[in-house]
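Subject: Structure handover

Hello,

Here is the structure I promised you. Please open it alongside this note. What I found in it follows directly below.

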Amino acid sequence: MTANIARWPGAELGSKDLENGKVTTQRYRPDAKFAWSAGEAMSRFLAELQQGRLIARECKNCGRILFPPRMFCEECFRPTDEWVYVKDTGTIETYSISYLDTDARRITEPILVGVVSVDGASPKMGIMHYFGEMATGEIRIGMKVQAKWRPAESRVGSVLDIEYFRPLHGVDR
Amino acid sequence: MRVGIVGVGVTPFRPTTPEFSWKELMYDGAQRSYADAGIDPRSDVGSFITCAEDYYEGFGIFDEFTPDQLGAVLRPMHTVGGDGIQGLANAVMQIRSGLADVVVVESHSKASDILTFTGIVAHGLDPIWNKPLGGHPNYVAGLEMDAFLRGSGNRSEDCAAVVAANRQTALLNPIAAYGARVTKEQAAKSPALWAPLRQLDASTLADGCVVLVVAGEAAARKMRSEPVWIEGIGWASDSPSLETRDWVAPAYATLAAEMAYRLAKVRDPARSFDLAEVDDKFSYKELQHLEALRLARKGHAGKMARSGDLAAGGKLPTNVSGGSLGCGNVLEASGLHRVAEAALQLRGEAGRLQLDGVRRAVVQSWRGLPSASGGVAVLGVGR
């Protein structure tokens, strides 16, 4: 229906009108800065990431391997018991092929993003990340993938120490 | 139907808590409260309420991040964007309306995660009308202190007496972050920051978590601890406009108290309570709130502070916990902290702070600058 309307009533405002002070505006940039304590569980998790390892916590009550690690089991509501390393391999649970960047601009090379359930952790435990070294037509749910780590010297203790997950086939193990 | 507090959990308040994430801090508060009540949150709780403000947490839609650490996974859960007493009022309503028998109320401060607290407070000012003026937002407290002292006849020395009393009594409170042997003279001579407000007139931020378990009468009687009954509760807001609100007498506190007193059938507040916990995020606020709640006659709160009427053993022991000045400003958890301190006194479990014969207490909260909102609760045992 809107396609039939050549010109909407009223005066259109563009960004230039705002920049040039053509309309009354009020600019305010809040001074809102935070530095969150990662706490016991995530601090260890991030330190291990920097070493190229993934770590989880085990709850001996329900037997689940909780990843990312937490110091309490949210199902049993009790402290978790032990640190457990999990693998850097896993399975694609769900994915999306994003044709827009964060500014909602069209991109020619789509971004592959999804959730990987990590081998060694309990079901529904995993990490959301990017996928690489695979074609858009190749990605599928159930695909086995492995973390592509950044070089040790450029890791900083962040989930981006993993560049992306790539297909497990063809990986020299 | 009566509603009682059956579980009290308070983590020690500290200037910083780098060892805990905000989730781990909440878990610590929750497990203390559930142990006190003797309940399993996974099976014994009908509803969970948190009281939080996104800008204090530093990320959006904080309510979504609360279930895990409270044992509330896949259970009814919601967040009140306000002070803990406002959350407690929600719990009372849920229980009295039959929605739940047992409700958990949580609030916390992880203020040490906020790098620019002043900027956060300033961001609470009106974007078109006040923000362009810039400057430190605490001048709002200076304005109010000036108006209150002039309008009520209280004196700045009385505010210094409040500072000294609350900092000193906090030395007896194991959860307090800022207990110190501060004297009236020290407080009166500390640097003027937003005159007449001086440095020591302002409370200091702290990290901490408070969790309460609240239950209807039948359920409460089956729990481990002696219920502390919520006899009345109320909340109110004055105008958000700095130019419109009443600077001398805080209308939000008066209205919230009227609501709570009506429910609790309190007719003569000055003679009805063995203990008061009223907001003291700034020293003058304690005096202002005492008068708003009709616990002190107009212009006489300062005299009560000077003469020892507000101390342990006085006519109306007030903020013997140390309040926000002595324990630390725990933001939206401040109201729940006061409820917790009063509940422990009513149960006879306040340790070295314990007063004799505490049967009925009044608790009041204020959301802090630049708000004009708060709540009041009347608590009692027996009867």
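The lining of the largest cavity has eight nonpolar residues, five charged and one polar. Please keep in mind that this is a predicted model. The lining comes to 14 residues. Nearest the centre of the cavity are Glu144(B), Arg245(B), Tyr252(B), Lys285(B) and Ser371(B). The space inside is about 70 Å³.

Two helices of chain B each put at least two residues into this lining: helix 6 (139–152) and helix 11 (283–292). Helix 6 of chain B gives the most, with three residues.

How many cavities of 30 Å³ or more does a search of the whole structure find? There are two.

The second largest cavity holds about 50 Å³ of space. Its lining is as follows:

- Cys51(B), Ala52(B) and Glu53(B)
- Tyr56(B) and Glu57(B)
- His108(B), Ser109(B) and Lys110(B)
- Leu331(B) and Glu332(B)

By class, that lining splits into four nonpolar, four charged and two polar residues. Helix 3 (54–57) and strand 4 (102–110) of chain B each supply at least two of the lining residues. Strand 4 of chain B is the top contributor here, with three.

Now back to helix 11 of chain B, which helps line the largest cavity. Its partner of interest is helix 10 of chain B, residues 251–264. The general picture first: a pair of packed helices is described by the angle between their axes and by the distance between those axes. Here the axes of helix 10 and helix 11 of chain B come within 8 Å. They cross at roughly 40°. That angle makes helix 10 of chain B oblique to helix 11 of chain B, because angles under 35 degrees would count as roughly parallel and the perpendicular range begins at 65. The crossing of these two helices of chain B is right-handed.

Which residues meet there? From helix 10 of chain B come Tyr252(B), Ala253(B) and Thr254(B). From helix 11 of chain B come Lys285(B), His289(B) and Ala292(B). By class, the residues of this contact are three nonpolar, two polar and one charged.

Two of these names have come up already. Tyr252(B) and Lys285(B) take part in the contact of helix 10 with helix 11 of chain B, and both are listed among the residues nearest the centre of the largest cavity.

Best wishes

Technical notes
Residues numbered from 1 in each chain as written. Chains lettered and ligands numbered in written order. Predicted model: local features only at pLDDT ≥ 70, side-chain atom pairs only at ≥ 80, totals over all residues. Heavy atoms only, no water. 1 Å grid on protein atoms, 1.4 Å probe; cavity = no way out; pocket = protein on both sides within 12 Å on 5 of 7 lines; lining within 4 Å. Points joined across faces, edges and corners; volume = space filled by probe spheres on them. Helix = DSSP H or I, 4+ residues; strand = E, 2+ residues; numbered from the N terminus. Nonpolar A, V, L, I, M, F, W, Y, C, P; charged D, E, K, R; others polar. Axes fitted to C-alpha atoms, helices over the stretch in contact; angles between N-to-C directions. Parallel < 35°, antiparallel > 145°, perpendicular 65-115°, else oblique. Left-handed = near helix turned anticlockwise from the far one by under 90°. Contact = heavy atoms within 4.5 Å.
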